[in-house]
Amino acid sequence: MPASQHYDVVIIGSGAAGMTAALHLANTHKVALLSKASLNQGSTRWAQGGIATVVDPEDSLEAHIEDTLIAGAGLCHRDTVELVVKESRKSIQWLIDQGVPFTPAEETADTLHKSEPSPLPYHLTREGGHSFRRILHADDATGLAISETLTARVLQHSNISIFEDHLAVDLITRHKLGLADQACVGVYALDIKLGKVQALAAKAVILATGGASKVYLYTSNPDGSSGDGIAMAWRAGCPVANMEFNQFHPTCLYHPNAKSFLISEALRGEGAKLTLPNGEPFMQRFDARCELAPRDVVARAIDHEMKRLGLDHVCLDISHQDADFIRGHFPTIYQRCLELGIDITQEPLPVVPAAHYTCGGIVTNHKGQTNIPGLYAIGECAFTGLHGANRMASNSLLECVVYGRLAAEDLLDKLASFKEAPELEDWDESQVTDSDEDVVISHNWDEIRRFMWDYVGIVRTDKRLERAQHRIKLLQSEIHDYYSNYRISSDLLELRNLATVAELIIRSAQLRQESRGLHYTLNYPETAAEARDTLLTPDRW
Ligand SMILES: Cc1cc2nc3c(=O)[nH]c(=O)nc-3n(C[C@H](O)[C@H](O)[C@H](O)COP(=O)(O)OP(=O)(O)OC[C@H]3O[C@@H](n4cnc5c(N)ncnc54)[C@H](O)[C@@H]3O)c2cc1C
């Protein structure tokens, strides 16, 4: 007997985007908030640098817009950039009202910048691509501060039902139920602890599942960034755009015991120098902006030097700065490095580039709507046109909170007119058995991430992409067989999604026959005169 649980809105993902939407909806609507781990285990928690908005009186909305457009290498959608920049102050004020403890201006030991203090109450830092200091931060753990503050609010809300350790498997549309229209009416979710699949029905569903950087061997992202939302939306019939633009953060700590530890760009903003292991600086040979060039330029320069000299890392040196300044501004990085035996006040630290941010994603409009009625996508899983061919630092948390609010506001306007979701069928497990060969999952997981790194990484060629395409086809067919015959597990579901996202990245990279922003190919090193998005549409639509 089917017994789906009914909500007004199901939100899949509890990062900055999902929690923002949940909190805006919950005063008047019943919300289910799903996370495949605990509430604060997405990328949001790990964001260090901060969130961009114009507060310095010398800065302007126009300058923020122009900087974003320049970083995006001709592919940003100007209307989206203008919208996000214009909406930024309101969204950041909302974060402040929720209690996010941004670092106040007067409490920083700012020995570097002797200029007049900002008349606004928060300390501003600067990052690559920004022509002004416009990054609000909570020391060097901004994401943690946002995540903990919003989590506390969500936990207090009686209208928000929390489903931790629930992994969304697939979206349910009326079309899949054999009904006439396409509207999204819910989701199947695996209760990871119990191993059971539940159907959650809703008038609307919001995907806020974060990025897909786990598709690469080296990444700054947490384990959950397997592109689940992008893969689910694709399977449900949503177009995706610009999946070839994967941002590689230039500086992740290179240390055997430091999985995914990012060294914030703010270090370079405060004067840290990139050097070869012998201490020789090199960025001046690649770009006049040196360490403050956009991330793609810096990542490619490091990749070039590592390949040229056969290095396994380069170095980042801030030891010329005052030790108290370093400890005061970068307490998390300082402490983490110290635990690993590196005192950044005294010595350089070894760094490598790593996959960091997924610029492409599910195509959405200015309200976060996808092409499927009742289905929204917000945050890193969405493609809004904000980032173009390269995301500017600290614009992504901003995109999460702006679109989290805009999607919620749209739903607040429209939900009353949406149909009630029908009763959903139970998940059918009658045709599958327990797997006795889980090694297939771990093997394929490793294989995808390694060939994506080698063939679809910072520097691409036609040949490498062909090789990658060949491999992903074989793996997808193996994964499909496995999925059809065996009972699902979280590892299998993530692998299936990772393979879909890998395929979408490879196909998009093959379609872009130029080098632009984050996509660099030796076969087409020039940038085309005309900038175009790469749009992929699922076959049957
Ligand atoms: C190390 C690091 C540093 C960064 N620094 C900055 C910075 O300084 N400034 C900035 O603007 N950006 C920064 N970014 C990028 C930014 O943090 C992310 O883009 C942003 O936090 C993404 O938020 P989100 O809400 O879209 O997703 P996330 O915060 O990644 O949350 C995703 C959520 O979806 C859930 N989920 C995923 N799949 C499923 C599924 N199938 N079922 C159920 N739940 C699911 C996860 O459990 C999680 O709750 C950084 C990223 C990293 C990794």
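A salt bridge is counted here when a side-chain nitrogen of Lys or Arg lies within 4 Å of a carboxyl oxygen of Asp or Glu. By that rule, zero salt bridges are found across the interface of domain 1 and domain 2 in this predicted model, whereas one residue pair, with both members at pLDDT 80 or more, is found in polar contact across the interface of domain 1 and domain 2.

On the side of domain 1 that touches domain 2, the elements giving two or more residues are helix H7 (295-309) and strand E14 (349-358), and H7 supplies the largest share of that side, namely four residues. Sorted by class, the side of domain 1 that touches domain 2 holds three nonpolar and three charged residues, with no polar ones.

The two domains themselves are assigned along the protein chain as residues 251-354 for domain 1 and 439-523 for domain 2. The extent of their interface can be set out as follows.

| Property of the domain 1 and domain 2 pair | Value |
|---|---|
| Separation of centres, over C-alpha atoms | 29 Å |
| Residues in contact | six of domain 1 with six of domain 2 |
| Area buried between the domains | about 510 Å² |
| Share of that area from carbon and sulfur atoms | 70% |

Which residues of domain 1 lose the most area to domain 2? They are Asp-296, Arg-300 and Asp-303, which together account for 72% of what the domain 1 side buries. Although these residues include Asp and Arg, the rule for salt bridges still finds zero across the interface of domain 1 and domain 2.

Key:
Residues are numbered from 1 along each chain as its sequence is written. Side-chain values use heavy atoms; hydrogens and water are left out. Domain bounds come from an automatic or database domain assignment. Contact means heavy atoms within 4.5 Å. Buried area is the accessible area (1.4 Å probe) that two parts lose on being put together, summed over both. A polar contact is a pair of N or O atoms within 3.5 Å; within protein, one must be able to donate a hydrogen and the other to accept it, and residues adjacent in sequence count only if both atoms are side-chain atoms. Ala, Val, Leu, Ile, Met, Phe, Trp, Tyr, Cys and Pro count as nonpolar, Asp, Glu, Lys and Arg as charged, and the others, Gly among them, as polar.
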